[in-house]
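Biologist: Hi! I have a structure open and I'd love some company while I look around. Could you walk me through it?

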Amino acid sequence: MLKVETKKELILDLEKRVNDKILERTNYELLKKLIEKADTLDEAINIKILGTHYKKTGFHFDPRLEKLSDTIKYFSKNNKLSFITDLNKLHHKLIIGDNYPALLNLLVEYKGAIDIIYIDPPYGKDNMGEFADTNYENAITRDNLLSMLKYRLILAKQLLSEEGIIFCSIDDRNQAYVKCLFDDIFEEKNFIASVPRKTGAGNAAARNDAKLRKPFDYLLIYKKSNTVLKKKIVGRKEYKYEDSLGRYDLAQFQATGSDSTRSDRPNLYYPVYLSSDGKLYTEPQPDTIKTILPKKVHGEDGRWMWKKEKFNQDANLYIEYNDGFLYRKIYYDENEDQNVYQVEEAWLADGKYRNSEGTTQLTEIMNSEKVLFNNPKPVDLMKWCINLHPNKNAVVLDFFAGSGSTGQSVLELNREDNGKRQFILCTSDEVTDTTPNGIPYDVTVKRLKRIMTGKCYDNTSNFEWLKKNEPYGDNLDVLEIKDVANFEVTPGKTPFDVIDETLYGVDKFKTIQEKINWVCNNFEKNQKEVEA
């Protein structure tokens, strides 16, 4: 029989949806009765799901079920493909296999420790299957794409640090639906921007019934909670003037912004009187030569930044009359940051961000006349994303890594700014006509080997990229997803034998009991599967 406590938890979750006005009370009462009469856990969960399809954002899709299996997924190192250039340098990771168990395994070591996530999920109709068929008279369903992303984004959120940030490339057809999913999982308050990127796909007009060129896709950006974006340095502060207190520059004394009028702050509106000796007062003087008032703001009286009392005390030290207006003196302070910053524009139109650049970059590295990978993202796109995060020692994850552009972008940025960013790439072992051994084996790992060491696994080094670039160095661990039955007892083949704790940032255990406790505590969730 099903535990009463479990029934109560399911019912409480449905009740919360009623309070949040997602589920109607009458439907809740019916589902509650059915759950109370359920005989098994699976039956009760399936009944509850009937009341959880509709999300707060108002779109609908049929999520797949998440269930436990009797098979543990774990990391196994491929020693033939892994390489070391210098033990003292950074170690990066390439994980080959389904990214769902890959994310579950990463949670063992990296929960709350990933700073940046970039993903470019497979969102084309052919990749999404029959559920991507469009019917504008009824509904547009994206069951495959949204279900696939939902559970992976839930895991990604657990991996992100509190200062973390996640980027998702998506086309205009799916952007609205995927944004709704991100709003549900990361919360709409953590949405930063939807950045249009000019892809250069002008020829798509020939395949578009609307006969409109659609040369853009979008970059969704969300934060975890406490993210502060890095500002772009555009120069240094200048101090053009000097007096007995030191070098200084002038800044506006009249208030600006949403509360900058007299009606907003009446006590900060007052006349200032300039005397013949150049001094400033808030009361008329016998030798007053000019009366100065705040300028109008949209037809209303403006206001100053200081109260009258502070003005009387400090004005003749820190306020200057110049060219008909009042300014504050901003003095040089050697303890302050002297850079001038500019916030990045949420707009990617430069040619270096286009798909053709990504193709050119991959071709120069792989020296192949064939198109080994369709639409690889340009390195500069990922560099732009990573550069928004202020941490130069960030851990960067891409769990739809494809050809490995994100890994190259991390290596380039580290060289440019002496950063120590680490990349973790996850890519499926999909086989295509041009990659008979699978994309990671024929493209991704070879790309990384060439740009990090200057030669491929067969020791060849005759590729175009090397003529213009120095290898980046660093080390790469290539991990593959393996599985073991949780009931396996054959000596040497049990989960406690085949799972290598050192691949999860843990030193070798001294006793088997320590190893058993660690596996039992960390790998139960790695038996989870999402129905096909």
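Modeller: Happy to; we'll go through some salt bridges, a few helices and some single residues. Keep in mind that this is a predicted model.

Biologist: Good to know. How many salt bridges does the structure hold?

Modeller: There are 25 salt bridges in the structure.

Biologist: Let's pick one. What do the side chains of Lys377 and Asp120 do?

Modeller: They meet in a salt bridge, with N to O at 2.7 Å. Lys377 sits in the loop between α9 (355-366) and α10 (379-387), while Asp120 sits in the loop between β4 (114-119) and α5 (125-128), so this pair ties together parts that are 257 residues apart in sequence.

Biologist: And is Lys377 buried or exposed?

Modeller: Lys377 is buried, at a relative accessible area of 8%. Asp120 is buried too, and its value is 18%. The cut-off for buried is under 20%.

Biologist: Okay, what about Lys189 and Glu187?

Modeller: Their side chains also form a salt bridge, at 3.7 Å from N to O. Lys189 counts as exposed, with 63% relative accessibility. Glu187 is partly exposed, with a relative accessible area of 36%.

Biologist: Got another one for me?

Modeller: Sure, try Arg262 and Asp301, whose side chains meet in a salt bridge of 3.0 Å, N to O. Arg262 lies in the loop between β10 (246-252) and β11 (272-275), and Asp301 belongs to strand β15 (residues 300-301), so the pair ties together parts 39 residues apart in sequence. Arg262 itself is partly exposed, at a relative accessible area of 36%.

Biologist: Which residues do salt bridges with shared partners join into one network?

Modeller: That network is made of Asp380, Lys383, Glu412 and Glu416.

Biologist: I think I saw Lys383 in a helix. Which helix is Lys383 in, and which helix does it help to meet?

Modeller: Lys383 is in α10, where it is among the residues that meet α11. Others on the α10 side include Val379, Met382 and Ile386, and the α11 side includes Glu412, Leu413 and Glu416.

Biologist: So how do α10 and α11 cross?

Modeller: Their axes come within 8 Å and cross at roughly 60 degrees. The two helices are therefore oblique to each other. The crossing of α10 and α11 is right-handed.

Biologist: And what about α11 and α12, at what angle do they cross?

Modeller: Roughly 15 degrees, and their axes come within 10 Å. Angles under 35 degrees count as roughly parallel, and α11 and α12 are therefore roughly parallel to each other. Their crossing is right-handed.

Biologist: Which residues meet there?

Modeller: From α11 you have Ser405, Gln408 and Leu411, and they meet Arg447, Ile451 and Met452 of α12. Ser405 and Gln408 also appear in the list of α11 residues that meet α10.

Biologist: While we're in α12, where is Lys449?

Modeller: Lys449 lies in that helix, which covers residues 439-453. Lys449 is buried yet has no salt bridge.

Biologist: Huh! How far away is the nearest side chain of opposite charge?

Modeller: That is Asp458, and it is 8.2 Å away. A salt bridge needs the two atoms within 4 Å.

Biologist: Then what does Lys449 touch?

Modeller: Leaving out residues up to four places away in sequence, Lys449 touches Phe83, Gly454, Lys455, Cys456 and Tyr457.

Biologist: Changing topic: which helix holds Leu34?

Modeller: Leu34 is in helix α2, residues 25-36. Leu34 counts as partly exposed, at 38% relative accessibility. Its C-alpha atom is 7.8 Å from that of Ala44, and the two residues are 10 apart along the chain.

Biologist: Last thing, backbone angles. What is phi for His298?

Modeller: Phi of His298 is near 50 degrees, a positive value in a residue other than glycine. Most residues other than glycine have a negative phi.

Biologist: Where would I look for His298?

Modeller: Look in the loop between β14 (296-297) and β15. His298 is exposed, with a relative accessible area of 81%.

Biologist: And what is phi for Asp323?

Modeller: Asp323 has a positive phi as well, near 55 degrees. Asp323 lies in the loop between β16 (319-322) and β17 (325-331). Asp323 is exposed, at a relative accessible area of 76%.

Biologist: Thanks, that gives me plenty to look at!

Notes. Residues numbered from 1 in each chain as written. Predicted model: local features only at pLDDT ≥ 70, side-chain atom pairs only at ≥ 80, totals over all residues. Heavy atoms only, no water. Helix = DSSP H or I, 4+ residues; strand = E, 2+ residues; numbered from the N terminus. Buried < 20%, exposed > 50% of the residue type's maximum accessible area, 1.4 Å probe, protein only. Lys, Arg positive; Asp, Glu negative; His and termini not counted. Contact = heavy atoms within 4.5 Å. Axes fitted to C-alpha atoms, helices over the stretch in contact; angles between N-to-C directions. Parallel < 35°, antiparallel > 145°, perpendicular 65-115°, else oblique. Left-handed = near helix turned anticlockwise from the far one by under 90°.
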